[in-house]
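Biologist: I'd like to learn how to read a sheet and the core packed around it. Can we go through one together?

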Amino acid sequence: MPCRGIRGATTVESNSREAILDAARELLDEIVRLNDVRGEDVASAYFTTTLDLNAEFPAVVARSDFGWTNVALMCGHEMAVPGSLAMCLRILLHVNTERTQDEICHVYLRGATVLRPDLAQTAEPRRE
């Protein structure tokens with residue numbers, strides 16, 4: 001079974017534990033939902049934030065809310081490129097899946113839609 005990378009990004013309202021975890025939860029939930037990801041198929045996840053977000057590790061959500069206790073998780077900071085999007089949280093999820101690369105749905109939410117407007121348009125709206 002191939003391993004595919006699924007990208008996602010969002011912006012965070014404030015540098016607080018709650019805001020970081022809320023944004024990470026929302027983004028990870030959308031990535032999982034839109035790509036039918038099963039926890040046992042997740043190989044690893046890399047969470048990054050811009051330097052202005054350091055109140056909490058976003059990977060906490062993967063363990064606490066998604067139960068990914070045996071998944072390799074890592075957090076880091078994005079490069080501080082002048083003029084880049086601030087207050088941004090990104091996820092790179094590595095998933096074992098039969099989906100082709102063209103079938104993968106990358107997710108860009110909130111202010112991060114400016115990063116990849118071509119892909120932000122493809123995400124289905126949330127069904128409540």
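Biologist: Which residue in β4 does T49 stand opposite?

Modeller: That's L89. Keep in mind that this is a predicted model. T49's strand, β2 (residues 42-49), pairs with β4 in the antiparallel sense, over seven bridges.

Biologist: And how many bridges join β1 to β4?

Modeller: Nine, and those two strands also run antiparallel. Try following the partners: T10 is bridged to L89 in β4, and G8 to I91.

Biologist: In what order do the strands sit in the sheet?

Modeller: Read across, and you get β3-β2-β4-β1-β5, an open sheet of five strands with mixed pairing. β3 (72-77) and β5 (107-108) each have a single partner strand, so one side of each has no neighbour in the sheet.

Biologist: What about side chains in a strand, where do they point?

Modeller: In a regular strand they alternate between the two faces of the sheet. Here, helix α1 (residues 17-35) lies across β1, β2, β4 and β5, at about 140° to β1.

Biologist: Which residues have the most contacts inside the largest nonpolar core?

Modeller: F47, W68, L73, I91 and L93, in a core of 32 residues. At least two residues come from each of α1, β2, α2 (60-64) and β4, with α1 giving the most, 10 residues.

Biologist: What does I91 touch?

Modeller: Leaving out residues up to four places away in sequence, its contacts include A24, L27, L28 and I31, along with Y46 and F47. Apart from that big core there's another one, of five residues, among them A9, Y108, A112 and L119.

How values were computed
Residues are numbered from 1 along each chain as its sequence is written. This is a predicted model: local features need pLDDT of at least 70, side-chain atom pairs count only at pLDDT 80 or more; totals for chains, interfaces and linings use all residues. Side-chain values use heavy atoms; hydrogens and water are left out. Two strands pair if DSSP finds at least two bridges between them. Helices (H or I, at least four residues) and strands (E, at least two) are DSSP runs, numbered from the N terminus. Contact means heavy atoms within 4.5 Å. Axes are lines fitted to C-alpha atoms, for helices over the stretch in contact, and angles run from 0 to 180 degrees between N-to-C directions. A nonpolar core is a set of buried Ala, Val, Leu, Ile, Met, Phe, Trp, Tyr and Cys residues joined through side-chain atoms within 4.5 Å. Buried means under 20% relative accessible area, exposed over 50%, partly exposed in between (1.4 Å probe, protein chains only).
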